[in-house]
Amino acid sequence: MHLIGVQVIPEQGGRAGFTVEFVGKEGEVVSVCLPNDAARNLNRLNAAERAKELFSELATANLDALENGGDGEPHARRSARSTKDADALEEQLDEGLEDSFPASDPVSITTSTVPTDRVRRRE
């Protein structure tokens with residue numbers, strides 16, 4: 001990946017953390033979400049450096065051990081999409097819609113009129 005740009009996107013104005021996106025020359029994008037700690041030590045200036053540290057740790061991680069659940073670490077689970085679990089997908093969709101309520105509701109237009117029996121006469 002030939003890096004051509006880095007974008008730091010604040011989540012809830014930076015209070016919740018930041019999403020850092022690394023953009024490659026061929027259009028590839030690699031992103032990492034960094035939650036902020038209670039002391040709010042993470043900011044726009046150090047978020048990209050922290051993301052680089054995480055990717056460095058990821059590059060040296062033993063993924064086979066994670067897949068098999070070794071070392072007492074939590075093992076990686078396959079997503080509902082990759083296992084084609086329709087019930088889990090439906091449950092995740094419902095949770096997402098509930099979390100985004102009322103923004104997920106369609107916009108409705110209401111108008112009010114006052115009916116009258118008067119007929120206008122032109123003179």
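Buried means under 20% relative accessible area, exposed means over 50%, and partly exposed is in between, using a 1.4 Å probe and protein chains only. Keep that handy for the exercises below.

The model here is predicted, so local features need pLDDT of at least 70 and side-chain atom pairs count only at pLDDT 80 or more, while totals for chains, interfaces and linings use all residues. Residues are numbered from 1 along each chain as its sequence is written, and side-chain values use heavy atoms, with hydrogens and water left out.

**Exercise 1. Sort Met-1, Glu-28, Thr-19 and Asn-36 into buried, partly exposed or exposed.**

Step 1: Met-1 has a relative accessible area of 56%, so Met-1 is exposed.
Step 2: Glu-28 comes in at 28%, so call Glu-28 partly exposed.
Step 3: Thr-19 has 8%, which means Thr-19 is buried.
Step 4: Asn-36 has 14%, so Asn-36 is buried too.

**Exercise 2. Describe the chain as a whole.**

Step 1: Count the elements, which are DSSP runs numbered from the N terminus (helices are H or I with at least four residues, strands are E with at least two). You get 4 helices and 3 strands.
Step 2: Read them from the N terminus on, and the order is β-β-β-α-α-α-α.
Step 3: Of the chain's 123 residues, 15% count as buried.
Step 4: The accessible surface (Shrake-Rupley method, 1.4 Å probe) is about 10800 Å², and 50% of it belongs to carbon and sulfur atoms.

**Exercise 3. Find the largest nonpolar core and the elements that feed it.**

Step 1: A nonpolar core is a set of buried Ala, Val, Leu, Ile, Met, Phe, Trp, Tyr and Cys residues joined through side-chain atoms within 4.5 Å.
Step 2: The largest one has 10 residues: Val-8, Phe-18, Val-20, Phe-22, Val-32, Leu-34, Leu-42, Ala-47, Ala-48 and Ala-51.
Step 3: At least two of these core residues come from each of β2 (17-24), β3 (29-35) and α1 (47-59).
Step 4: Now zoom in on Phe-22, using contact in the sense of heavy atoms within 4.5 Å. Beyond its neighbours within four places in sequence, the contacts of Phe-22 include Met-1, Leu-3, Ala-48, Ala-51 and Phe-55.

**Exercise 4. Track down polar contacts of Thr-19, Asn-36 and Glu-28.**

Step 1: A polar contact is a pair of N or O atoms within 3.5 Å; within protein, one must be able to donate a hydrogen and the other to accept it, and residues adjacent in sequence count only if both atoms are side-chain atoms.
Step 2: Thr-19 sits in strand β2, and its side chain makes a polar contact with the side chain of Glu-11 at 2.6 Å.
Step 3: Asn-36 is in the loop between β3 and α1. Its side chain reaches the backbone nitrogen of Leu-42 at 3.1 Å.
Step 4: Glu-28 is in the loop between β2 and β3. A polar atom of the Glu-28 side chain lies 3.3 Å from the backbone nitrogen of Glu-26.

**Exercise 5. Work out what Glu-28 meets from elsewhere in the sequence.**

Step 1: Skip its neighbours within four places in sequence, and Glu-28 is in contact with Met-1, His-2, Phe-22 and Val-23.
Step 2: Go back to Met-1, which lies in the segment before β1 (3-11).
Step 3: Check Leu-3 as well: 25 residues separate Glu-28 and Leu-3 along the chain, and their C-alpha atoms are 9.2 Å apart.
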